[in-house]
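Please take a moment with the sequence and the model shown here, and keep both in view while reading the explanation that comes after them.

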Amino acid sequence: MRIQAVSGSLRANSTNSALVRAAEECADAEVDFAVFEGLDTLPHYSPELDRADVLPASVLEWRKQLASADGVLICTPEYAFGMPGSLKNALDWVVSSGELWRKPVAALSASPSALGGEKAHAALLLTLTALEAQTVEEASLAALKNSFDALVSAARLKNPI
Ligand SMILES: Cc1cc2nc3c(=O)[nH]c(=O)nc-3n(C[C@H](O)[C@H](O)[C@H](O)COP(=O)(O)O)c2cc1C
C-alpha cells in the first residue's frame, strides 16, 4: 500500500508540511508513505511542454510518483482564497496524463484563520473533481487519524493486494 503525500506549501516551517508529517505518524506499518518534495521543480504548465519529446524530467518524476501510489494525500495552505499557484500548477500537469483519475485522494487545508482554509479546501476539491479523482469525503483536520484511515481504506478497496 503506497500513499503519496504532498504539501502545497514551499515554506520551511509550513503548517501543511507538518500536517503531512503528522499523517505519516498515523500510518500503519503496512503503508509505504512517500512525500513529494519537488513542487518548486515543476515548470509552469504549458501545453507546448506537455509532449513526450520535450516533457521536463521533474514532470515525469511527479507523474511517476502519483502513478505508483494507491492513494494521495494533499495538504494545502490558503493563498488569496485559493490554493497556492505551485500546487495548482502541479495538478494542471496531470490533467492530460490522468494519474489521479479515479484515485483515492484526501484533501486537507491548514490555515491560521478561523475558517481553517475552507476556501482553499473547496478550490482543491473542485480541481480534483475536474481530474475525476475519487475524493475521500471524510477528510477533515479535526480528525486527521480518521481521515488518513479513510484514505487507506479507499486505496485498499481499489487495490486489495
Ligand atoms: C500570499 C499569502 C496569501 C494568503 N492568503 C490567505 C487567505 O486567503 N486565507 C487564509 O486563511 N490565509 C491566508 N494566508 C495565510 C496562510 O494561511 C498562512 O501563512 C499559512 O500558515 C500558510 O500555510 P503554511 O504554514 O503551510 O505555509 C496567506 C498567506 C500568504 C503568504
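The paragraphs below go through the sheet, the elements around it, the cysteines and the charged pairs.

This is a predicted model, and a good place to begin is its sheet, in which 5 strands are arranged in the order 2-1-3-4-5 with parallel pairing, the sheet being open. Strand 2 (32-36) and strand 5 (134-135) stand at the edges and have a single partner strand each, so one side of each is left without a neighbour in the sheet. As background, strands of a sheet pair through backbone hydrogen bonds, and they may do so in a parallel or an antiparallel way.

Strand 4, which covers residues 104-109, runs parallel to strand 5 and is joined to it by 2 bridges; in one pairing between these strands, Pro-104 has Gln-134 of strand 5 as its bridge partner. Helix 4 (residues 118-130) packs on the sheet, where it touches strand 3 (71-76), strand 4 and strand 5, and its direction makes about 160° with that of strand 4. Strand 4, helix 4 and strand 5 together make a β-α-β unit, and this unit is right-handed.

How many of the residues of strand 4 are buried? The count is 6 of its 6 residues, and the strand is thus described as mostly covered. In a regular strand the side chains alternate between the two faces of the sheet. In strand 4 both faces are covered, since Pro-104, Ala-106 and Leu-108 are buried on one side, while Val-105, Ala-107 and Ser-109 are buried on the other. Strand 4 also pairs with strand 3, in the parallel sense and over 5 bridges, and here Cys-75 stands opposite Leu-108 of strand 4. Between these two strands the chain crosses through helix 3 (residues 85-92), in a β-α-β crossover that is right-handed.

Cys-75 leads on to the question of cysteine bonding. A disulfide is a covalent bond between the sulfur atoms of two cysteines, and this structure holds 0 disulfides. Why does Cys-26 not form such a bond with Cys-75? The sulfur of Cys-75 is the closest cysteine sulfur to that of Cys-26, but the two are 11 Å apart, which is too far for a bond. Both residues are nevertheless shielded, as Cys-26 is buried with a relative accessible area of 15%, and Cys-75 is buried with a relative accessible area of 0%.

The last topic is charge. Side chains of opposite charge can pair when their charged atoms come close, and a search of the whole structure finds 5 salt bridges. One of them joins the side chains of Arg-63 and Asp-50, at 3.0 Å from N to O, and this pair links distant parts of the chain, with Arg-63 in helix 2 (residues 57-67) and Asp-50 in the loop between strand 2 and helix 2, 13 residues apart. Arg-63 counts as buried at 10% relative accessibility, and Asp-50 is buried as well, with a relative accessible area of 18%.

Another salt bridge is formed by Glu-61 and Lys-64, whose closest N and O atoms are 3.5 Å apart; both lie in helix 2, 3 residues apart, about one turn of the helix. Of this pair, Glu-61 is partly exposed at 32%, whereas Lys-64 counts as exposed at 53% relative accessibility. In helix 3, Lys-88 and Asp-92 are 4 residues apart, about one turn of the helix, and their side chains meet in a salt bridge of 2.8 Å, N to O.

Conventions:
Residues are numbered from 1 along each chain as its sequence is written. This is a predicted model: local features need pLDDT of at least 70, side-chain atom pairs count only at pLDDT 80 or more; totals for chains, interfaces and linings use all residues. Side-chain values use heavy atoms; hydrogens and water are left out. Two strands pair if DSSP finds at least two bridges between them. Contact means heavy atoms within 4.5 Å. Axes are lines fitted to C-alpha atoms, for helices over the stretch in contact, and angles run from 0 to 180 degrees between N-to-C directions. A disulfide is a pair of cysteine sulfur atoms within 2.5 Å. Buried means under 20% relative accessible area, exposed over 50%, partly exposed in between (1.4 Å probe, protein chains only). A crossover is right-handed if, with the strands pointing away from the viewer, the path from the first strand over the helix to the second runs clockwise. A salt bridge is a side-chain nitrogen of Lys or Arg within 4 Å of a carboxyl oxygen of Asp or Glu.
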